[in-house]
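Please examine the model displayed here before reading the exchange below.

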Amino acid sequence: MSARPSPDAVPGAPGPPDPGAVVAGPAGTPRTADPVAPLLRLQGVGAGYDDDLALRDVTFAAAPGDRIAVLGPNGGGKTTLFRVILGELAARTGTLDVADDVAVVPQTERSRLDFPVSATDVVLMGTIAGRPWWRGPGRRDRKAAREALVAVGLGDRADATFGALSGGQRQRVLVARALVRQARILLLDEPYRGLDTASVQRLDELISTLAAEGRTLLIATHDVAQARAWDQVLCLNGRQVAYGPPAATLTAETLAGTYGGELLRVDHDGELAVVAEHHCS
Amino acid sequence: MTDPALIASVLDGLVDPWRSGIMQRALVEVVLLGATGGLLGCWIVWGGLSYSAEALPHAMFPGLVGAALLGVPLVLGGAVGLLIAALLIAAASRVPSLDRDTSISVVFTSMFGLGTLMALSPDTPTGVSELLFGDVLGLTNGDVAVAAGLTLLMLIALRVLHPRLLATTFDRDGARAAGLRPGVTDVALVALIAVATLVCVQALGNLFVAATLVAPAATARILGRRLVTTMAIAVGVALLSGVGGLLLSYHAGTAAGASIAGVTVAIYLAVAAGASLRDALPARRRRAPAG
């Protein structure tokens, strides 16, 4: 059962606490009573687009502060899992419990670089769903957008044209757009694609900061070395191959089960490394 | 070095045409079209809907001819024609083997053909060519009032839809994930294109509507760096083309609709050429020291 709020939830509406309501700055405090209760719990979840399930047997629980690498080949079910958690795709089997608002950080290549918008304009897009149709962004929305940009380290680039920013900066603007929605569950779709080393490091720090503030982050990635630095690893290849801490999941056996024929190399200073196909689906 | 007589004659050439009621109504109409075409055009161009904007006027052609045959207002006939076309496109796009562009082109070509058949029938009154080429100089006060009402409706709708159009056009998946419904925004945009087509068709005719809806925004896209400036440029280009086209038509005796469309496209070509030149020049300078 999903606890996602309706898309048109009105912020500040009277009544019981609404998980979709915008109640604080982007670095908002956890709103659930129990700070360690799982934000996300999947039990035997399967989903797909036609008669065959694209993803099956997904069972895990994610607590606030968890940074979870989602590893898997293209077509392995990462996007399907994200769509199920977002509520865009119904789970055909199992149960899904989403305890807070979910926001997705898409790949920057999917957005329009020729679009004449500033970084602030892009972040403000995250505030639309919380407002009635007839109302434009208000002072509170602009303040939240500014704070979100400061939170991702781009306070000084608020007026820059989105398409003129570097890949890493664009990625952080999209993170800010997710933050402004006050979601505590963030889904990042291959955020490291095309970033240089300095940008990778900044994004790493940002992800750790956001997790430390009580959010759960699922990060779809191909980078096993990166995954090793995080709290949990979810390996998908049409089904859940493994879930657990990196030391337990990033074994040769699991990776072979995850990547199958795409696994090209397993050798990196005595540790496992994967060079997988990086084509986007 | 100025020649007072030359200046006076140029001023006369610019001012004289507007003394007649016909040209005044035409001027109001092109201002309305400029606002509609410029603003809506930006979303059409950014949203990749230029093809739909081209197809819709053709698809409504039989409705227009039917209205002319029955003697009812053209706007009404056009609206019925658009509704039928929209339903047919929706039905055609459910055929698994047809993609969206194919179903649109099948429907609009059939509808345009049907309209032409009706127009060529012996019962058709004269003046059907106005439906194809428009008659901005033959508008009544009532026509202009209807256009003004529809334009006002359009401006309000664009203001209300602005944030959603922006988010959906910028990144569709992100908008959906953020709780918006891109499908609803799409339908609203196509409905607005239909209304804009109704506003434009009487003045500019079936064949030139797309030029007004697409070319000013395409020009502005080259020049603008921010949303608001881009939209302002698009409206400016549309107004300039409208007024310039009317003056050209007055002095050169050319068809008004075609003149407006011609000026719009000429401005686009000039700006596009200028932009390519601008992009090419610094590159050459950069290469020069190395060679």
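A student and a tutor now discuss this model.

Student: What kind of model is this, and how are its parts numbered?
Tutor: Residues are numbered from 1 along each chain as its sequence is written, while chains are lettered from A and ligands numbered from 1 in the order in which they are written. Local features need pLDDT of at least 70, side-chain atom pairs count only at pLDDT 80 or more, and totals for chains, interfaces and linings use all residues, since the model is predicted.

Student: Which strands of the open sheet in chain A stand at the edges?
Tutor: Strands (DSSP runs of E, at least two residues, numbered from the N terminus) pair if DSSP finds at least two bridges between them. Three of them form the antiparallel open sheet of chain A in the order 2-1-4. One side of each edge strand lacks a neighbour in the sheet because each has a single partner; these are strand 2 (55–62) and strand 4 (93–98) of chain A.

Student: Over how many bridges do strand 1 and strand 4 of chain A pair?
Tutor: L40(A) stands opposite V98(A) in strand 4 of chain A. Strand 1 (residues 40–47) of chain A and strand 4 of chain A pair in the antiparallel sense, and the number of bridges is five.

Student: How many residues of chain B are in contact with chain A?
Tutor: Contact requires C-beta atoms, placed from the backbone, within 7 Å. On the side of chain A, 23 residues take part, and their partners in chain B number 20.

Terms used:
Helix = DSSP H or I, 4+ residues; strand = E, 2+ residues; numbered from the N terminus. Contact = placed C-beta atoms within 7 Å.
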